Every structure is written in C-alpha cells, then in structure tokens.
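Me: Could you take a close look at one part of this model for me? Pick a helix and walk me through it, then tell me what else stands out.

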Amino acid sequence: MSFLEEFNANLESLPNILARHYAVLRNLDKSLQDIQRQNEQRCEQEIEDIKREIKSGNITPDTSLIRFSDEALDEQKHSIGIADEKVMLAVRAYDLVDTHIQQLDQYLKTFEEELRERDTVAASALPAPSADTSAKPGRSSEGGRGGRKKTRLATATAATATAAVNPTAMDLDIPVDPNEPTYCLCNQVSYGEMVACENPNCKVEWFHFGCVGLKDKPKGKWYCPDCAALKNRRKGR
C-alpha cells in the first residue's frame, strides 16, 4: 500500500472518530450544566439558611466558621472532574487532526521532490540552447556590463515569439533549464520586457517590467529600487 492509499484510508475513518468524540463532549457538557445548575441552587439555599441562622442568633457571623455543606463541595469537585475530562477529550481530537495534517504535509513534501526530479530529468532531455546571447539579458563576454547597456529594454526572443502565437504561453507548465540564469527581484529567468539598472555595481542588473511597476520603457536613466535608495542616501549626506 502506497503512502497516499494509506493516508486516504486513515482519512476516511477520521470523520467517524471525531463524531464519536464530539458526541461524548456534548454528553459531558450536558451533565456538567445539570450539575452546575443543581449546585448553584444548593449553594443559594444554604446561603439563605446561614443568613436565617445568623439573624436568629443560632450562629455567629464569623466568616471563618461559615462553610458550604459537604454535598455542595462534592458537587463542585465533580464539576471540575467533568470539565477536566472535556479538556482531555478535546486535546485528543485536536491531536488526531494534527497527526493527519502532519502526514499530509509529509506527503506533499515527498510529492514536490518527485516533481522536481521529473522536471530536472525533462529539462536535461531538452536540446542545448542556442549560442545567440542577444535573446537574453546578461553580462557580455566582450564588453562586460557595457554590452547590455546598449539598450535599457531587453526582450527574451524565445518568450516573445511564443507569446505572439499563444498569449497565454507564460501560464503553461513548461520545464525550465536549471542552468538558465535568473534575474530580477523575483529571481526568475528572463521573459517578456525587461529593463536594466544604470548602476554599474547593481547586483541584479535586469528586472521584469511588472516586478518594478513599469508598463512602458522608462525615459532617461533608470535605477532599480535598491540602487535608487542608495543613490538618494548618498545625495542626502
């Protein structure tokens, strides 16, 4: 039996087990309410009796000598015992659900690892990417950062060509080459329209329009949020 089959089998019995726990809780709660109501009536009656005895002079109004009857105290102890039993039953029900949640978390973790392994195998089976570096933003082997500074607007050729045929192509579950460089604040591969930060020491360099709140190509020099904040701090000194 696989882990998923075992989990489903245990999950099917959970509602019935919880239903029995809740039924016992309801019965205990009803018993507790009855005992509390009976005990309140007994205590009220004993208080009235004590008041009458004090008025008649049969007992002195010494609070250290005034006490409830043993029956009233026993009922209070019984109420506390039922309340403790309710708490223990509720804890058992909680632990039962929590155990199933932990099992589900473990299954999801294992399932995600299997998916990543499948994606890695699928990506390794894809043909090697073209040597044409003009399709992706990044550092140029000839001109360092200067090569990508020729324009602030970068379009991933492959992504754009796909989007022209299928506008929803970005939503498809396509395996990504794990060796492909990542960019932007989102740490994702290049796609769509991207803009380069003018700071030569920028750690990220390229950013997707949507991630930095841009809809169109910026006019003039553009700095990413981190570099812009650093530049403003230096001006303020």
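Reply: **A close look at helix α2**

Let's start with the span of α2: its 55 residues should cover 81 Å at 1.5 Å a residue, and the end C-alpha atoms are 81 Å apart, so the two values agree. Bear in mind that this is a predicted model.

Now for what is tucked away along α2. The buried residues of this helix are A72, E75, S79, I82, L89, A93, H100 and A123. Two of them, E75 and S79, deserve a closer look.

Take E75 first, which sits in helix α2, running over residues 70–124. Its relative accessibility is 11%, and the cut-off for buried is under 20%, so E75 counts as buried. What does E75 touch, leaving aside residues up to four places away in sequence? The contacts are I35, Q38, N39 and R42.

S79 lies in α2 too. With a relative accessibility of 9%, S79 is buried as well. Skipping residues up to four places away in sequence, S79 touches L32, I35 and Q36. So I35 turns up in both contact lists, for E75 and for S79. There is also a C-alpha distance to look at here: S79 and L28 are 51 residues apart along the chain, and their C-alpha atoms are separated by 10.0 Å.

For a contrast, try helix α4, which covers residues 225–236. Its twelve residues reach 16 Å from the first C-alpha to the last, close to the 16 Å expected at 1.5 Å a residue. Is α4 buried or in the open? Just one of its twelve residues is buried, so α4 lies largely in the open.

Then there are the aromatics. How many aromatic pairs does a search of the whole structure find? It finds one. The partners are F207 and W222, arranged edge-to-face, with 5.6 Å centre to centre and 65° between the planes. This pair links distant parts of the chain: F207 belongs to strand β3 (residues 206–208), while W222 is in the loop between β3 and α4, 15 residues apart. As for burial, F207 has 0% relative accessibility and so counts as buried. W222 is buried too, with a relative accessible area of 10%.

Note on methods: Residues are numbered from 1 along each chain as its sequence is written. This is a predicted model: local features need pLDDT of at least 70, side-chain atom pairs count only at pLDDT 80 or more; totals for chains, interfaces and linings use all residues. Side-chain values use heavy atoms; hydrogens and water are left out. Helices (H or I, at least four residues) and strands (E, at least two) are DSSP runs, numbered from the N terminus. The expected span of a helix is 1.5 Å times one less than its number of residues. Buried means under 20% relative accessible area, exposed over 50%, partly exposed in between (1.4 Å probe, protein chains only). Contact means heavy atoms within 4.5 Å. Rings of Phe, Tyr and Trp (its six-membered ring) pair if their centres lie within 6.5 Å; planes under 30 degrees apart count as stacked, over 60 as edge-to-face and the rest as tilted.
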